[in-house]
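Work through the exercises below with the model open. Try each task before reading its solution.

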Amino acid sequence: MASRRRTRLRPVKLVTVAGRFIEDGTAIDVSESGCRIRRFNADRVPARLAVYDEADNAFRLALVVWSRGPEIGVRFAGPPRPGTRADMHRLTGRFYAVTD
């Protein structure tokens with residue numbers, strides 16, 4: 001089991017495997033194998049998704065392993081992938097949460 005470390009205000013974005021924005025969140029604690037994320041609502045999310053870490057500008061494919069209200073626990077399913085400039089613009093630029 002990987003050791004966890006608590007984080008402070010570590011913004012993340014949950015996106016589909018295809019890279020489409022789902023919602024914003026905050027990583028509460030992180031390890032090499034996964035993390036706990038506090039979300040802004042308790043709606044269901046896909047069982048497979050990607051976590052975009054804004055501080056590291058990196059994506060990690062992840063599997064949701066538990067859900068309790070607005071918090072979810074995810075297990076990473078691969079190494080981090082650096083975000084591209086287009087990814088950054090799409091997920092952090094103006095109107096990033098507006099869908100077509």
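**Exercise 1. Strand pairing**

Task: Find how many bridges join strand S5 to S6, and in which sense the two strands run.

Solution. This is a predicted model. Start with strand S5, residues 58-68. Six bridges join S5 to S6, and the strands run antiparallel. Next, check one pair: Ser67 stands opposite Ile72 in S6. Then look at the turn. Two residues lie between the strands of the S5 and S6 hairpin, where Gly69 takes a positive phi near 60°.

Now go to the other pairing of S6. S3 and S6 also pair in the antiparallel sense, over five bridges. One pair to check here is Gly34, whose bridge partner in S6 is Arg75.

**Exercise 2. Arg36: buried or exposed?**

Task: Classify Arg36 as buried or exposed, then find which side chain it joins in a polar contact.

Solution. First, locate the residue: Arg36 sits in strand S3, which spans residues 34-39. Second, read the accessibility. The relative value for Arg36 is 17%. The cut-off for buried is under 20%. Arg36 therefore counts as buried. Third, follow the side chain. A polar contact of 3.2 Å links the side chains of Arg36 and Glu71. Finally, turn to strand S6, residues 71-76. Five of its six residues are buried, so the strand is mostly covered.

**Exercise 3. Arg75 in its strand**

Task: Place Arg75 in a strand, classify its accessibility, and list what it touches beyond four places in sequence.

Solution. Arg75 lies in strand S6. Its relative accessibility is 44%. Partly exposed covers the range between 20% and 50%, so Arg75 counts as partly exposed. Now take the contacts. Leaving out residues up to four places away in sequence, Arg75 touches Ser33, Gly34, Leu61, Ala62, Leu63 and Val65. Gly34 is also the bridge partner of Arg75. Last, compute a distance: Arg75 and Arg48 are 27 residues apart in sequence, and their C-alpha atoms are 9.8 Å apart.

**Exercise 4. Pro82**

Task: Decide whether Pro82 is buried or exposed, and find how far its C-alpha is from that of Asp56.

Solution. Begin with the strand: Pro82 belongs to S7, residues 81-82. Relative accessibility is 58% for Pro82. Exposed means over 50%, so Pro82 counts as exposed. Then take the distance. Pro82 and Asp56 are 26 residues apart in sequence, with 8.1 Å from C-alpha to C-alpha. Finish with contacts. Pro82 touches Asn57 and Ala58, with residues up to four places away in sequence not counted.

Technical notes. Residues numbered from 1 in each chain as written. Predicted model: local features only at pLDDT ≥ 70, side-chain atom pairs only at ≥ 80, totals over all residues. Heavy atoms only, no water. Helix = DSSP H or I, 4+ residues; strand = E, 2+ residues; numbered from the N terminus. Buried < 20%, exposed > 50% of the residue type's maximum accessible area, 1.4 Å probe, protein only. Polar contact = N/O pair within 3.5 Å; in protein donor to acceptor, adjacent residues only side chain to side chain. Pairing = 2+ DSSP bridges. Contact = heavy atoms within 4.5 Å.
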